Amino acid sequence: MRPALLFLAPLSLTSALGLSACVPAPGHDRLAAHLAPLLAPMEARGARWGILVTDDTGRVLYARHEGQRFVPASNAKLFTTAAALVAYDTLTRPPYQLDTALFLAPRNNGAPNLILRGAADPFLSAAQDCAQQCLTDLADSAARAGLKHVHAVIGDDTLFADTRWGDGWSWNNLSTRYGTAISALTLDDNVASLIVTPGPGEGAPATVSVITPAYRVVNHVVTRRDAAEAPAIRLFPGNDTEHGSGTLTGTIKPGSTPLTVHSSIIDPAQLAARQLADMLVARGVRVDETKARHRPEGEDAAPQDLSFVRLGVMPQRPLAIDIRHILKDSQNLHAELLLRRLGLLAGKGTVQAGLEEREKLLASSGVDFSRVSLADGSGMSPYDRATPRDIVSLLLWAQHQRWGGEWADDLPLAATDGTLSHRFEGTVVAGRLHAKTGTLNGTHALSGYLVTTSGHRLILSILLNDVPELLSVATVPAKPLSDVAPRPAVGERPTDAIDRVVEALAAVE
């Protein structure tokens, strides 16, 4: 049997929700001694731990560097979604709840324009298997209006200021689906997708099938016998913003399984206009050109009730569905759209307004924003900083909000769903931990709610920073804690080290 850990005599918080002081509680040394061999290997390699564990009343059980500032990675989504839930009733009705719409805009001479006005709908889709929120429905509405000739299809994303990437986002993430551009006119998560199939033999070019119809690809992928088993194929966005374009590079083994590759979009509004134009052409409507309409940073938002004929409208899905998606799947684009929607509460729809509104909405949470500084909504920015103390304060406070139970359930569940679907399998933590994950360069995080094997509910925040890059790849598979004293596997991944800590906490009685 696993040796039991005594439930520590707790230390009461010095304030109702905040954690302004964390003096070790009686019994802290016993738990610290048990965790020490789990923390030591990462610390020996220069990594830095920040940990705070409390019971569900906020009494401190274990603390390590809990007041220091760490890069929280996607744990920043906890702050963004909690703020949105505070403002939920306001955000889900006009003028802050808007719908994607297609407008007919007459011109003095010649054919009219069509304006596709984005409303920050994160689920709008042009996929062939689309079942709801489909761009084809808006194309059908234009065809039903009897249009035969359109001068320009204009993708309008002026609801938000034109700030397509977060402050400080790493350049190597910008070409991936995780770092795609943010736009109030979003389509299929602003990601271009294609399939790469090996050529017939050594040195032959690979075959590329484009899933995103309007996207154009320059293919430099070669079929080679010495290619890696996991092909290192990258799609780098190009400058053809009208159609969307990219250069595909890398090698692939002969006879290997076709590979799906995803890339970011540089100008989502422009590509959405292009895809709508292609749909109109397929319906017999002539289209002369496509354009994008952006609002420069610093320019006031234009009125959204355009005085044009509205041909079609696409209502948004409930905000609660999006919040669940953001937390379960750690969806960066959706979190950034949500931050900008918070900015609409100040009438601006800018990143800065969203950051300010988020702090205002969480003013009573016990979070000390003199310590916490978040530059974006998703946690992709390396400028983001938070302390385990403040993350736990947020989690404790959320328990007492009317939306707190649903919010906790929206967090990934260990060994079950979301970004924890394949973690903690075969351990006592499976099905007992709802927590937000976080991964960025040199950073790993896990914060949430844990039910121990004895039925106690713990609140925890574990932030691991400054992890050497080589430790991101496991050389020995991690195993659950056994009956003997835990000994970390040589070369284990940072997430394995975090998981072992959580397994030890699950044994607290």
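This passage looks at charged side chains in a predicted model, and at the partners they do or do not find.

A good place to begin is Arg 358, which sits in helix H8 (residues 351-361). Arg 358 is buried, yet it has no salt bridge. Asp 376 is the nearest side chain of opposite charge, at 5.8 Å; because a salt bridge requires the nitrogen and oxygen to lie within 4 Å, this pair does not qualify. The backbone of Asp 376 offers another partner, as its oxygen is reached by the Arg 358 side chain at 2.9 Å. Beyond neighbours within four places in sequence, the contacts of Arg 358 include Ala 76, Phe 79, Leu 339 and Gly 377, as well as Asp 376 itself.

Elsewhere, salt bridges do form, and the model holds 22 of them. One joins Asp 156 and Arg 293, with N and O 3.5 Å apart. This pair connects distant parts of the chain, since Asp 156 belongs to strand E5 (residues 149-161) and Arg 293 to strand E12 (residues 286-295), 137 residues apart. Asp 156 is buried, with 5% relative accessibility, whereas Arg 293 is partly exposed at 35%.

Within helix H7 (residues 332-344), Arg 340 and Glu 336 are four residues apart, about one turn of the helix. Their closest N and O atoms are 3.0 Å apart in a salt bridge, and both residues are buried.

Arg 371 and Asp 390 also form a salt bridge, at 2.8 Å from N to O. Arg 371 lies in the loop between H8 and helix H9 (388-398) and Asp 390 in helix H9, so the bridge ties together parts 19 residues apart in sequence. Asp 390 is buried, at 0% relative accessibility. Finally, Asp 162, Arg 164 and Asp 267 are linked in a salt-bridge network.

Technical notes:
Residues are numbered from 1 along each chain as its sequence is written. This is a predicted model: local features need pLDDT of at least 70, side-chain atom pairs count only at pLDDT 80 or more; totals for chains, interfaces and linings use all residues. Side-chain values use heavy atoms; hydrogens and water are left out. Helices (H or I, at least four residues) and strands (E, at least two) are DSSP runs, numbered from the N terminus. Buried means under 20% relative accessible area, exposed over 50%, partly exposed in between (1.4 Å probe, protein chains only). Lys and Arg count as positive and Asp and Glu as negative; His and the chain ends are not counted. A polar contact is a pair of N or O atoms within 3.5 Å; within protein, one must be able to donate a hydrogen and the other to accept it, and residues adjacent in sequence count only if both atoms are side-chain atoms. Contact means heavy atoms within 4.5 Å.
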